Amino acid sequence: MNLSRLYSIFQSSGLERKDVETYGRSTDPLVRNEIEQKEMSDSFDADAMEGWEQLSYDPSVMSQLDKKYAPSTGPSLYKIIGGTALVGSAVIAILYFTVFQEPVKLLVAQKSTQKEVSSLKEEPVIVLEASDVALPAPIERMKHAPKAEQVPAKQISKEFQEIIQFRVETPNLPVKPLPSVDPENPTSPEIVRNHKEAKEIYLHSMKLVDYRKYRDKPQVKTKQLILTGTPANKEDEYSEEEDPVWKDVDVPYIEYIEKSVGIFEHGNYKKALSRFQTVMETYPDDVNANFYGGICLFNLGEYSKAIPHFENCLSGAFSNFDEEAQWMIAECYEKSGDTAKAKVIYRSIASGNGFYAGQAKDKLK
Amino acid sequence: MLFRKRITYHQLPDEDLVIRFQQGGANEIIGEIYTRYGHLVMGTCMKYLKNSNDAEDMTMTIFERLPEKLKDHTIERFKSWLYMVTKNECLMLLRKKGRVTLEITKELEAEDELHLVEVKEVQYTLLEAAIHQLKEEQRLCIELFYLEKRSYQEITSLLKLDIKKVKSAIQNGKRNLKLILENQNEFKSAI
């Protein structure tokens, strides 16, 4: 008796995928025994092999599953095929374009329907951000100021354009002379802050400082709820979906601010405010978030809360919103009934030669 | 980089894969698990559901839910665990359709737990002796199957037995052998 064979009773390894196919093909008793021993190694293997018998040992029934779960078989071959196909289709497309104009349209139309279909097949993934679900309670409790008292986005964007126009028309603004310093009696040194105009970008016709130029990979920390899983129409009683969990994510700054400004533009000031506050959690001195957050608060009638945000714009590193912010501070004081403070600021604006000088003079009349 | 990763996953034992996944590992781990066991899940689903579409859907469902399940469970022997999950899912579906009233497997089956690491000459003798303690039918099947390397078909025609009987004789014989061996201290100590 071959004793080492005896040992194989408890030693055989499990069935591999290729064994299923081999078993279906081979009539060699030794080959079959080898696979049968694997089958006997475990009840899982034994059950599976019984199932495969009913499937005629044909693993191609798993092709759909393979597409979804099997790791791709090395990048090289697919890349070559894919690359060739891509180059090939490009050549064909160019040929079509230059030679036959009509068929191109057909080709494009076909392609686009194909794309639609495949996108339908994809698992729906819905990403919700914190501001989509619930707003912070203090924001939720705020009430919109009467329409006439609000500064709508349209007006702001109009003023941005007017300011640009105004600056073009008055190119050489006189520079205030520096106060002379008495060398005998030096006053305490004044801290001159580095306050300059930053590169701008307009999104939703709203002026923004383009922080991509000043911060290394700016990102906003926020929470997202990613809803995945079985679509409702495919769900059944025992599909046990777990409650989705909030995840901390970093969203590219420009993406986040763009969406926020869009929400602001649509007049959803509460939601926009909560998003600008999220930005300020990461970047407290962000002039974009401070300025538009301030406008949101203004439109929600929260004048005293808006003022610090406009002041942050003035004290921040960039001067892009200086004129607007100063004007808004005066407006806030006026609206909140502190006319004395408002007048001081209007006077200072009127004495300058900025865009709002004329309007400030009107206010003082 | 990606390629290298897959090679490492490929070399890892199941339980290490599970731990890596639980520690926030990549989805390629699920792919590797599919490579190892996808065909067993599919075959087992087919055995229970008797319909290739149902089996395919069920396999899909099992692998879809696998990431969640892996994170929630402490898994000692992954293969047995996956078998249990597969069987339970199939039985639940059948029960829902009113086809069976089977008990759902709660415990891991102990029959697959025997793993020998080192075998000495004396243990072969013990094993041989144990085989002789088996019932005639089981002994013959075990000997033909493991020692003479005969296929099911050959055993069926040699012993004039139904193939199902042959299979269960081998399975039961194996289980009984394990019980006999476990009761022998010398053997146990080497396990």
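These exercises walk through a predicted model with chains A and B.

**Exercise 1. How many helices and strands does each chain have?**

Solution.
Step 1. Start with chain A. Here 17 helices and five strands are found.
Step 2. Turn to chain B. Its count is ten helices and zero strands.
Step 3. Read chain B from the N terminus on. The elements run α-α-α-α-α-α-α-α-α-α.

**Exercise 2. What share of each chain counts as buried, and what share of the contacts with a separation of 6 or more joins residues 24 or more positions apart?**

Solution.
Step 1. Chain A has 365 residues, and 28% of them count as buried.
Step 2. Chain B has 191 residues, with 30% counted as buried.
Step 3. Now take the contacts with a separation of 6 or more. In chain A, 59% of these are between residues 24 or more positions apart. In chain B the figure is 56%.

**Exercise 3. Describe the largest nonpolar core, and find which helix gives the most to it.**

Solution.
Step 1. Recall a general tendency. In soluble globular proteins, nonpolar side chains tend to be buried together.
Step 2. Size the core. The largest one holds 54 residues. Those with the most contacts inside it are B:Cys45, B:Leu49 and B:Cys141.
Step 3. Find the main contributor. Helix 3 of chain B, residues 28-49, gives the most to this core: eleven residues.
Step 4. Look for another core. One of 49 residues lies apart from the largest. Among its members are A:Ile139, A:Cys296, A:Phe310 and A:Phe355.
Step 5. Return to B:Cys141. Leave aside neighbours within four places in sequence. B:Cys141 then contacts B:Ile155, B:Val166, B:Ala169, B:Ile170 and B:Gly173.

**Exercise 4. Work out how helix 4 of chain A crosses helix 3 of chain B.**

Solution.
Step 1. Two packed helices are described by the angle between their axes and the distance between the axes.
Step 2. Helix 4 of chain A covers residues 43-54. Its axis and that of helix 3 of chain B come within 6 Å and cross at roughly 65 degrees.
Step 3. Angles of 65 to 115 degrees count as roughly perpendicular. Therefore helix 4 of chain A is roughly perpendicular to helix 3 of chain B.
Step 4. Add the hand. The crossing of helix 4 of chain A and helix 3 of chain B is left-handed.
Step 5. Pick out residues at the contact. Helix 4 of chain A brings residues including A:Phe44, A:Met49 and A:Trp52. Helix 3 of chain B brings residues including B:Leu40, B:Cys45 and B:Met46.
Step 6. Sort this contact by class. It has seven nonpolar, five polar and four charged residues.

**Exercise 5. Do the same for helix 11 and helix 12 of chain A.**

Solution.
Step 1. Helix 11 spans residues 253-265 and helix 12 spans residues 269-282 of chain A. Their axes come within 8 Å and cross at roughly 155 degrees.
Step 2. Angles over 145 degrees count as roughly antiparallel. So helix 11 of chain A is roughly antiparallel to helix 12 of chain A.
Step 3. The crossing of these helices of chain A is left-handed.
Step 4. Helix 11 of chain A contributes A:Tyr256, A:Ile257, A:Ser260, A:Ile263 and A:Phe264. From helix 12 of chain A come residues including A:Tyr269, A:Arg275 and A:Phe276.
Step 5. By class, this contact has eight nonpolar, one polar and two charged residues.

**Exercise 6. Is A:Ala350 buried, exposed or partly exposed, and which residues does A:Ala350 touch?**

Solution.
Step 1. A:Ala350 lies in helix 16 of chain A, residues 339-351.
Step 2. A residue counts as buried with 20 or more C-beta neighbours within 10 Å. A:Ala350 has 19 inside 10 Å, so A:Ala350 counts as partly exposed.
Step 3. Set aside residues up to four places away in sequence. A:Ala350 touches A:Ala357, A:Ala360, A:Lys361 and A:Leu364.

Note on methods: Residues numbered from 1 in each chain as written. Chains lettered and ligands numbered in written order. Predicted model: local features only at pLDDT ≥ 70, side-chain atom pairs only at ≥ 80, totals over all residues. Core = buried A, V, L, I, M, F, W, Y, C linked by C-beta atoms within 7 Å. Buried ≥ 20, exposed ≤ 12 C-beta atoms within 10 Å, placed from the backbone. Helix = DSSP H or I, 4+ residues; strand = E, 2+ residues; numbered from the N terminus. Contact = placed C-beta atoms within 7 Å. Axes fitted to C-alpha atoms, helices over the stretch in contact; angles between N-to-C directions. Parallel < 35°, antiparallel > 145°, perpendicular 65-115°, else oblique. Left-handed = near helix turned anticlockwise from the far one by under 90°. Nonpolar A, V, L, I, M, F, W, Y, C, P; charged D, E, K, R; others polar.
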